Amino acid sequence: MRMTGDAARSVASEKEHGPVLKTAFGRAFFRGALCCFDVTVRVVGPIMFVLVWAILGTIVYAYFVHYCPLQELDPFFSAHGLATTVTCFYLIGTIIFHHLSCALKSPKYVTKEIVRRVEAMAAEEGVPALQCRFCRQVRPRRAKHCHTCKKCVLKMDHHCPWMCNCVGVGNYHHFFLFLVYATLGCYYLLWHTAPILSKPYPVVSFKIGQQMTPEILRANKKIVDDRQHFESLLVISLLIFSAGLALTVLTILHIYLLLSNQTTYDSAKGQGPVNTGAPFSSFSFRVAEEGQGKQLH
């Protein structure tokens with residue numbers, strides 16, 4: 001049966017505009033999801049940043065208030081106590097340094113100078129320069145647009161709410177070393193608290209009809225204090241153990257990404273390793289990695 005002209009035009013219109021409508025809906029949904037994610041990151045990011053410092057402060061408090069009294073350890077005037085204190089504060093200080101450095105240091109955004117140089121290289125080699133579809137500026141191949149910072153970042157890894165900053169080529173080494181030292185710190189603390197938590201739980205010894213002498217009261221008071229120290233260390237150790245597992249997974253992942261010269265974005269998109277013959281080249285940015293053939297410092 002042959003269709004009339006109006007029916008044929010209607011079917012043709014559905015075939016032509018159907019995918020367009022679906023694409024428009026998909027784009028609207030994608031933009032809405034990005035907007036919600038950006039708002040969430042902007043609100044939660046500062047909270048997570050402060051939470052890192054709160055955790056470190058809690059560890060320092062637990063060390064002096066709970067660990068040292070329970071172990072009857074002088075943290076400054078005994079060889080073992082001084083060595084433990086110095087190591088603990090070295091790890092915490094290094095974690096704080098790399099956390100602040102990653103948060104405050106620029107991840108290296110795509111600047112006008114970089115745009116001019118990429119355009120010049122592209123024109124010299126006779127290839128079209130890539131353009132960001134969000135901010136509409138020329139960018140190197142592996143520079144990505146951060147929807148939270150609203151800028152293109154050179155060799156962007158991801159936007160980290162714990163750092164309250166983008167992680168890119170300018171601060172990635174601080175992010176990686178933060179992961180390494182935070183992981184080592186977690187296992188160092190667990191190594192010290194595990195022997196304590198493996199001991200029997202302190203129990204108050206008391207007999208019915210027993211006269212409460214000052215010696216018995218002091219002994220039972222010490223047991224009660226030890227129970228409080230034990231319980232506090234148990235809770236903190238469980239939190240540190242959970243954090244240590246997560247940090248271990250992230251550290252192993254980023255070691256693999258460094259060895260294969262990938263970013264988290266590359267891995268998530270399934271783009272595969274970038275072969276430059278230089279492991280750990282994620283610590284630097286080169287246009288040679290972008291397929292342009294020349295260096296860009």
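In this talk I will go through the overall layout of one protein chain, then its nonpolar cores, one pair of helices and a few single residues.

Please keep in mind from the start that what we are looking at is a predicted model. The protein chain contains six helices and four strands, and if we read from the N terminus the elements come in the order α-α-α-β-β-β-β-α-α-α. Of its 297 residues, 37% count as buried, and among the contacts between residues at least 6 apart in sequence, 62% join residues that are at least 24 apart.

Let me turn to the interior. The largest nonpolar core has 27 residues, and those with the most contacts inside it are Ile-95, Met-163, Val-167, Tyr-172, Phe-175, Phe-178 and Ile-240. Helix H1 (5–71), helix H2 (79–104), helix H4 (172–197) and helix H5 (214–259) each supply at least two residues of this core, and the largest share, eleven residues, comes from H4. If we take Phe-178 as an example and leave aside its neighbours within four places in sequence, we find Phe-178 in contact with Val-52, Ile-95, His-98, His-99 and Met-163. Apart from this core lies another one, of ten residues, including Ile-114, Cys-132, Ala-143 and Val-169.

Next, the helix pair. How do H2 and H4 pack against each other? Their axes are 9 Å apart and make an angle of about 155°, and because an angle over 145 degrees counts as roughly antiparallel, that is how we describe H2 and H4 relative to each other. The crossing of these two helices, H2 and H4, is left-handed, and the residues of their contact divide into 14 nonpolar, nine polar and no charged.

Now to some single residues, beginning with Tyr-67, which has its place in helix H1. Is Tyr-67 buried or exposed? Its relative accessibility is 6%, so Tyr-67 counts as buried. Although Tyr-67 and Ile-196 are 129 residues apart along the chain, their C-alpha atoms are separated by 9.0 Å, and Ile-196 is also one of the residues in contact with Tyr-67, as are Ala-62, Leu-73, His-192 and Leu-233, once neighbours within four places in sequence are left aside.

Moving along to the strands, we meet Arg-142 in the loop between helix H3 (112–125) and E1, where Arg-142 is buried with a relative accessible area of 7%. Between Arg-142 and Leu-154, which are twelve residues apart in sequence, the C-alpha to C-alpha separation is 6.9 Å. His-145 lies in strand E1 itself, residues 144–146, and is also buried, at a relative accessible area of 15%. Leaving aside neighbours within four places in sequence, the residues in contact with His-145 are Cys-132, Phe-134, Cys-135, Lys-150, Lys-151, Cys-152 and Met-156.

The last topic is the backbone. Most residues other than glycine have a negative phi. Which value of phi does Lys-150 have? Lys-150, in the loop between E1 and strand E2 (151–153), has a positive phi near 65°. Lys-155, which lies in the loop between E2 and strand E3 (158–160), likewise has a positive phi, of about 45°, although it is not a glycine. Lys-155 is buried as well, with a relative accessible area of 4%.

Terms used:
Residues are numbered from 1 along each chain as its sequence is written. This is a predicted model: local features need pLDDT of at least 70, side-chain atom pairs count only at pLDDT 80 or more; totals for chains, interfaces and linings use all residues. Side-chain values use heavy atoms; hydrogens and water are left out. A nonpolar core is a set of buried Ala, Val, Leu, Ile, Met, Phe, Trp, Tyr and Cys residues joined through side-chain atoms within 4.5 Å. Buried means under 20% relative accessible area, exposed over 50%, partly exposed in between (1.4 Å probe, protein chains only). Contact means heavy atoms within 4.5 Å. Axes are lines fitted to C-alpha atoms, for helices over the stretch in contact, and angles run from 0 to 180 degrees between N-to-C directions. Angles under 35 degrees count as roughly parallel, over 145 as roughly antiparallel, 65 to 115 as roughly perpendicular and the rest as oblique. A crossing is left-handed if the near helix is turned anticlockwise from the far one by less than a right angle, and right-handed if clockwise. Ala, Val, Leu, Ile, Met, Phe, Trp, Tyr, Cys and Pro count as nonpolar, Asp, Glu, Lys and Arg as charged, and the others, Gly among them, as polar.
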